[in-house]
Amino acid sequence: MVYYIHTYKEGTALSKESKIAKKEAKAAKKAAKVEKKQAGQYAKLVKSINKKNAKAEKKANKKGKPFTPVPIPTQEEAFAGGEQSKGKKIFQLIILILLIWLVVYFLVMWFTYVAPIKNAEDDNTATVQEYDRYVNEHEITTTKSYSVSEAKALLKQVIHDNWRTLNYSSDPSSAAINYTSNIVTVNNVDCYEFTSSGKTYAVAINLSAVYVYENGEYNPLTFHSTALIAK
């Protein structure tokens, strides 16, 4: 009985020592890995500082100024803030995760939102409005085209009003006014062409203007406030 108890205790001790040895070996391996990584980072840091110092020294010598190199820290100094840097990275990661969660939440709420529809039956004061389609009750106001006889009557009145301006010795409005059967375009408007008392005239089909042909071009005639003559 005593033999078994002794063996059990000895085996337990060996088991604990084995576990401790494994932990120490694992920690040593991890430390060696960290040391190797830091050594590589430290070498890059030293190389970068030396490069910057060389560039700064060259620039200072060119300008004739004194050069003060940036001191190179030891490996222990360079990685003294390693734990703080790690904590800072963890904090930044947490902030990033929260921001991503907020963006996703906003997008989900945006695309799933349905605007409430108010039912007219729930509101005693609400009435359904009906609107008739708009119809313009006015006639189209485009200027119409007038007949040759109506244009001739207008020309007769204009000649009567402007016979002095036309250099006639007397009023020739009672003379014959002949339609030439030609349509001429003056100021982008179609006009009836007439001849009367040795002159050629053009009257706009919409009766908007009267012209006299002089010196190779049609010139507009003005209207005067004289009494209307009989047709």
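I looked up Tyr105 to begin with; at 45% relative accessibility Tyr105 counts as partly exposed. The model is a predicted one, and I kept that in mind for every entry below.

**Tyr105 and its partner**

I noted that Tyr105 sits in helix H3 (residues 82-112) together with Trp101, four residues apart, about one turn of the helix. Trp101 has a relative accessible area of 54% and is therefore exposed, the cut-off being over 50%. Tyr105 at 45% falls short of that cut-off, so I entered Tyr105 as partly exposed.

How many aromatic pairs are there? I counted six aromatic pairs, taking ring centres within 6.5 Å. Trp101 and Tyr105 make one of them: the ring centres are 5.6 Å apart and the planes meet at 10°, so I put the pair down as stacked. Planes under 30 degrees apart are what that word requires.

**The nonpolar patch**

I then asked which residues make the nonpolar surface patch. I found Ile90, Phe91, Ile94, Ile95, Leu98, Leu99, Trp101, Leu102, Tyr105 and Met109, and the patch comes to about 1000 Å². The stacked residues Trp101 and Tyr105 are thus listed among its members. Phe91, another member, lies in helix H3. I have Phe91 as exposed, because its relative accessible area is 55%.

**Overall layout**

I stepped back to the whole protein chain and found four helices and five strands. From the N terminus on, I read the order as α-α-α-α-β-β-β-β-β. Of the 231 residues in the protein chain, buried residues make up 16%.

**Rings in the strand region**

I went on to Tyr192 and Phe194, which form an edge-to-face aromatic pair. Their centres are 6.5 Å apart, with 65° between the planes. Is Tyr192 buried or exposed? I have Tyr192 as buried, because its relative accessible area is 10%. Phe194 is at 0% relative accessibility, so I entered Phe194 as buried too. I also noted a cluster in which ring pairs link Tyr179, Tyr192 and Phe194.

**Two positive phi values**

I checked the backbone for residues with an unusual sign of phi. Most residues other than glycine have a negative phi. Asn187 has a phi near 55°, a positive value in a residue that is not glycine. I located Asn187 in the loop between strand E1 (178-186) and strand E2 (189-196). Asn187 is at 58% relative accessibility and so counts as exposed.

Leu207 is another residue that is not a glycine and has a positive phi, about 60°. I found Leu207 in the loop between strand E3 (199-204) and strand E4 (210-214). Leu207 is at 25% relative accessibility, so I wrote Leu207 down as partly exposed.

**The positive patch**

Where does positive charge gather in a patch? I found it on the surface, at Lys47, Lys51, Lys55, Lys58, Lys59, Lys62, Lys63 and Lys65. I picked out Lys63 and placed it in helix H1 (residues 2-63). Lys63 is exposed, because its relative accessibility is 55%.

**Contacts between separate parts of the chain**

I looked at Ala39, which is also in helix H1. Ala39 is at 34% relative accessibility and therefore counts as partly exposed. What separates the C-alpha atoms of Ala39 and Gln75? I read 7.6 Å, for residues that are 36 apart along the chain.

My last lookup was Pro172, in the loop between helix H4 (148-162) and E1. Pro172 is at 10% relative accessibility, so I entered Pro172 as buried. Pro172 and Lys156 are 16 residues apart in sequence, and I have their C-alpha atoms at 8.8 Å from each other.

Definitions and conventions: Residues are numbered from 1 along each chain as its sequence is written. This is a predicted model: local features need pLDDT of at least 70, side-chain atom pairs count only at pLDDT 80 or more; totals for chains, interfaces and linings use all residues. Side-chain values use heavy atoms; hydrogens and water are left out. Patches are made of residues with over 30% relative accessible area and no salt bridge: like charges are joined within 9 Å, nonpolar side chains (Val, Leu, Ile, Met, Phe, Trp, Tyr) within 5 Å. Accessible areas come from the Shrake-Rupley method with a 1.4 Å probe; for residues, only the protein chains shown count as cover. A salt bridge is a side-chain nitrogen of Lys or Arg within 4 Å of a carboxyl oxygen of Asp or Glu. Lys and Arg count as positive and Asp and Glu as negative; His and the chain ends are not counted. The place of a charge is taken as NZ of Lys, CZ of Arg, CG of Asp or CD of Glu. Buried means under 20% relative accessible area, exposed over 50%, partly exposed in between (1.4 Å probe, protein chains only). Rings of Phe, Tyr and Trp (its six-membered ring) pair if their centres lie within 6.5 Å; planes under 30 degrees apart count as stacked, over 60 as edge-to-face and the rest as tilted.
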